[in-house]
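Grab your viewer and work through these exercises one at a time. Each one starts with a task and then walks through the solution.

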Amino acid sequence: MKLITTTGNPPGGLRKIFRIMKLSVLFLIVGTYCWATPATYAQTAEINLEAENRTLQEVFREIESISEFIFFYNNNVLDLNRQVSLKIENGTIYEIMDRLTDGTSVGYKIVDRQVILYRKDSPLPAVSQQGTVTVTGEVTDTYGIPLIGVSILIKGQATGTVTDIDGKYSLNAQQG
């Protein structure tokens, strides 16, 4: 009877089997991790906010300083000098925004850590027959000063532009 002993690496056939097993385990772990997606930041972040007769802009700045949320809005849509008072303990961004926009013509949408404010009654952007939308806007800092040369890119597309000397931009985007 002949006894086969190996020292070091296993024979070629076994190496291939071990490699397949390792890859299978790796894909199983990665697949399980991706399948069990965690809750988003907006759903889990708890915010303590107390504002007494403060402007809407001051409240937005306070939320940005104590959380990871960033606000996007058009200055013509919001009355940033409107005085608000609210006290929320361990609240979500949804609760805060519901209270801030209650009774106004302003709506909001939260995408990841971005809070986008818009006028509820404004028409949607016009869509051409080719399926493109013209997107325009202005980029300013927290003091309302236009930002020059800011790159504006459309996520998932190779379309982009740069703000002009007045902080304004315009680009055509594929709808979808």
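**Exercise 1. A salt bridge and its exposure**

Is Glu89 buried or exposed? Find its salt-bridge partner as well.

Before starting, note that this is a predicted model, where local features need pLDDT of at least 70, side-chain atom pairs count only at pLDDT 80 or more, and totals for chains, interfaces and linings use all residues. Residues are numbered from 1 along each chain as its sequence is written, and side-chain values use heavy atoms, with hydrogens and water left out.

Step 1. Set the scale: buried means under 20% relative accessible area, exposed over 50%, and partly exposed in between, using a 1.4 Å probe and protein chains only.

Step 2. Glu89 has a relative accessibility of 58%, so it counts as exposed.

Step 3. Its partner is Lys87, with the closest N and O atoms 3.9 Å apart. That fits the salt-bridge rule: a side-chain nitrogen of Lys or Arg within 4 Å of a carboxyl oxygen of Asp or Glu.

Step 4. Lys87 comes out at 52% relative accessibility, which counts as exposed.

**Exercise 2. The rest of the salt bridges**

How many salt bridges does a search of the whole structure find? Look at those involving Arg54 and Arg113.

Step 1. The search of the whole structure gives three.

Step 2. Arg54 meets Glu62 through their side chains, at 3.9 Å from N to O. Arg54 is partly exposed at 22% relative accessibility, and Glu62 is partly exposed at 27%.

Step 3. Arg113 pairs with Glu68, and here the closest N and O atoms are 2.5 Å apart. Arg113 sits in the loop between β4 and β5 and Glu68 in the loop between α3 and β2 (70-72), so this pair ties together parts that are 45 residues apart in sequence. (Helices, H or I with at least four residues, and strands, E with at least two, are DSSP runs numbered from the N terminus.)

Step 4. Check exposure: Arg113 is partly exposed at 31%, and Glu68 is partly exposed at 43%.

**Exercise 3. Rings around Phe60**

Which residues form one aromatic cluster with Phe60? Sort out the geometry of each pair.

Step 1. Get the rule straight: rings of Phe, Tyr and Trp (its six-membered ring) pair if their centres lie within 6.5 Å; planes under 30 degrees apart are stacked, over 60 edge-to-face, and the rest tilted. By this rule you get two aromatic pairs.

Step 2. Phe60 and Phe71 are stacked, with 4.3 Å centre to centre and 20° between the planes. Phe60 belongs to helix α3 and Phe71 to strand β2, so the pair links parts 11 residues apart in sequence. Phe60 is buried at 3% relative accessibility, and Phe71 is buried at 7%.

Step 3. Phe60 and Tyr73 are tilted: 5.7 Å centre to centre, 40° between the planes. Tyr73 lies in the loop between β2 and β3 while Phe60 is in helix α3, so this pair ties together parts 13 residues apart in sequence. Tyr73 is partly exposed at 27%.

Step 4. Put them together: Phe60, Phe71 and Tyr73 form one cluster.

**Exercise 4. The cores and helix α4**

How many residues does the largest nonpolar core have, and which residues of α4 are buried?

Step 1. A nonpolar core is a set of buried Ala, Val, Leu, Ile, Met, Phe, Trp, Tyr and Cys residues joined through side-chain atoms within 4.5 Å.

Step 2. The largest one has 26 residues, and those with the most contacts inside it are Phe60, Ile63, Phe69, Ile93, Met97 and Leu100. At least two core residues come from each of β1 (47-55), α3 (56-66), β3 (83-91), α4 (93-101), β4 (106-111) and β5 (114-119).

Step 3. A second, separate core has six residues, including Ile152, Ile154, Tyr169 and Ala173.

Step 4. Back in α4, the buried residues are Ile93, Ile96, Met97, Leu100 and Thr101. Viewed down the axis of α4, the buried residues fall within an arc of 115° (taken from the directions from the helix axis to the C-beta atoms), so they line one face of the helix.

Step 5. After α4 comes Gly103, with a positive phi near 80°.
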